[in-house]
Amino acid sequence: MKRRIIPATALGLALSITSAWSQTKWDLAAAYPATNFHSENMVQLASDVDKATGGKLKITVHANATLFKAPEIKRAVQGGQVQMGEILLANFQNEWPLFGVDSLPFLANDYEAAKKLHAAQKPFLDKKLAEQGMLLLYAVAWPPQGIGTKKPLASAADLKGIKWRTYSPATARLAQLLGAQPVTVQAAELSQALATGVVEATVTSGSTGVDSKLYEHLKYYHDTQAWLPKNAVLVNKQAFDALDSTLQQALLKAGADAQARGWAGSIQVNTDSVAKLKANGMEIVAPPPAALMADLSRAGQTMLKEWLDKAGPEGKALIEAYRR
């Protein structure tokens with residue numbers, strides 16, 4: 001009797017191990033709320049991969065900076081602490097200027113231009129990320145950026161000394177050029193920062209405005225449509241290479257679908273979120289005053305020149321490719 005039990009137990013253990021080996025589990029670190037359209041897009045990506053691989057590749061999305069804070073995600077993917085991560089490319093401009101080209105005011109300030117800029121930027125991104133042991137799965141633009149304030153703005157002079165929330169090197173530099181006091185606050189902490197007076201104004205998309213309930217603290221949203229920064233989903237190359245070719249292709253296909261879906265979703269979210277801000281009591285200033293837009297445009301020209309000086313030949317080549 002005992003001789004029969006032992007082989008059966010061993011067989012069960014072997015089947016359990018085989019089942020574990022047949023399924024790969026990945027984590028995807030993200031920094032924005034689960035209800036944000038970027039996060040929802042990643043959840044759909046995980047579902048698509050699950051279906052396409054018959055459950056052999058399972059991806060769990062960790063939204064709202066629950067796994068890593070926004071500035072930590074890129075290093076976590078690069079170092080293999082997590083297999084996938086979503087970053088705001090512009091957050092890493094100080095590391096490499098070309099990460100932040102999409103946050104230069106008025107260089108690309110509508111969806112068509114933003115797609116063209118992404119096409120010009122992508123070869124450079126692919127090369128840099130490969131050097132860092134990662135690959136770009138896909139990238140999706142945020143809706144155009146506007147300025148939320150307690151009082152209406154006639155020009156940049158009205159921003160002088162105001163504690164202005166920034167989220168990247170580019171937005172911090174813009175604040176300096178406009179005379180505001182830059183205060184770096186990531187999206188997950190924006191609502192609290194507004195409630196506690198850490199910041200008095202913000203530059204952000206209508207989407208983040210809705211996520212953070214700007215209307216509870218600010219009265220005006222100036223729809224400047226200054227730029228469309230992108231979120232990028234990165235994959236650790238070593239983890240990717242460990243997948244068999246079928247799983248790799250399923251992931252790449254799901255990524256391409258997520259990019260197409262995400263850009264279309266961003267356009268819709270832009271319309272819906274600005275409408276939600278208005279419905280909740282914010283005054284939408286569109287178009288913003290000419291003097292304010294002229295001040296922003298001048299700042300943008302200064303930032304482009306500074307960026308080109310830092311970016312060197314690579315930056316020049318990127319801008320030339322974009323402007324062809």
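## The largest pocket

Three nonpolar, seven polar and five charged residues line the largest pocket. Here Ala, Val, Leu, Ile, Met, Phe, Trp, Tyr, Cys and Pro count as nonpolar, Asp, Glu, Lys and Arg as charged, and the others, Gly among them, as polar. The model is predicted: local features need pLDDT of at least 70, side-chain atom pairs count only at pLDDT 80 or more, and totals for chains, interfaces and linings use all residues. Residues are numbered from 1 along each chain as its sequence is written, and side-chain values use heavy atoms, without hydrogens and water.

The volume of the largest pocket is about 270 Å³. Its lining has 15 residues; Thr35, Asn36, Phe37, Glu40 and Val269 lie nearest the centre. Helices H2 (37-52), H7 (206-211) and H9 (245-279) each contribute at least two lining residues. H9 gives the most, with seven residues. Helices (H or I, at least four residues) and strands (E, at least two) are DSSP runs, numbered from the N terminus.

## The second largest pocket

The second largest pocket has a volume of about 230 Å³. Its lining consists of Gln93, Asn94, Pro97, Leu104, Pro169, Ala170, Arg173, Met303, Glu306, Trp307 and Lys310. H5 and helix H10 (290-323) are the elements that give two or more of these residues. H10 gives the most, with four. By class, this lining has six nonpolar, two polar and three charged residues.

## Cavities

There are three cavities of 30 Å³ or more in the structure. The largest of them holds about 110 Å³ of space. Tyr32, Leu88, Trp142, Gln145, Arg165, Tyr167, Gln186, Ala187, Thr204, Ser205, Thr208 and Pro229 form its lining. Six of the lining residues are nonpolar, five are polar and one is charged.

On a 1 Å grid over the protein atoms alone, a cavity is a set of points where a 1.4 Å probe fits but cannot get out; a pocket is an open set with protein on both sides within 12 Å along at least five of seven lines; lining residues have an atom within 4 Å of a point. Grid points are joined across faces, edges and corners, and a volume is the space filled by probe spheres set on the points.

## The six-stranded sheet

One open sheet has six strands in the order S7-S6-S8-S5-S9-S11, with mixed pairing. Its edge strands are S7 (181-184) and S11 (283-285), each paired on one side only. Neighbouring strands are turned by 30° against each other on average, direction ignored. Two strands pair if DSSP finds at least two bridges between them.

S6 (residues 163-166) pairs with S8 (residues 201-205) in the parallel sense over two bridges. Within S8, Thr202 stands opposite Arg165. Helix H5 (residues 169-178) packs on this sheet and touches S6, S7 and S8; its direction makes about 155° with that of S6. Contact means heavy atoms within 4.5 Å. Axes are lines fitted to C-alpha atoms, for helices over the stretch in contact, and angles run from 0 to 180 degrees between N-to-C directions.

## The five-stranded sheet

A further open sheet has five strands in the order S2-S1-S3-S10-S4, also with mixed pairing. S2 (57-62) and S4 are the edge strands, each paired on one side only. The twist averages 20° from one strand to the next.

S3 (residues 84-88) and S10 (residues 230-236) pair in the antiparallel sense over five bridges. Leu88 stands opposite Asn231 in S10. Leu88 also belongs to the lining of the largest cavity. Helix H4 (residues 111-131) lies across S4 and S10, at about 150° to S4. H9 packs on the sheet too, touching S1 (24-29), S2, S4 and S10; its direction makes about 20° with that of S4.

## Aromatic pairs

The whole structure contains three aromatic pairs. One of them joins Phe37 and Trp142 edge-to-face, at 5.9 Å centre to centre and 85° between the planes. Phe37 sits in helix H2, while Trp142 is in the loop between S4 (134-141) and S5 (145-149), 105 residues apart. Rings of Phe, Tyr and Trp (its six-membered ring) pair if their centres lie within 6.5 Å; planes under 30 degrees apart count as stacked, over 60 as edge-to-face and the rest as tilted.

Both partners line empty space. Phe37 is among the residues nearest the centre of the largest pocket. Trp142 lines the largest cavity.

## Backbone details

The peptide bond from Ala286 to Pro287 is cis, with omega near -5°. Pro287 lies in the loop between S11 and H10.

Asn64 is not a glycine, yet it has a positive phi of about 60°. Asn64 lies in the loop between S2 and helix H3 (73-78).
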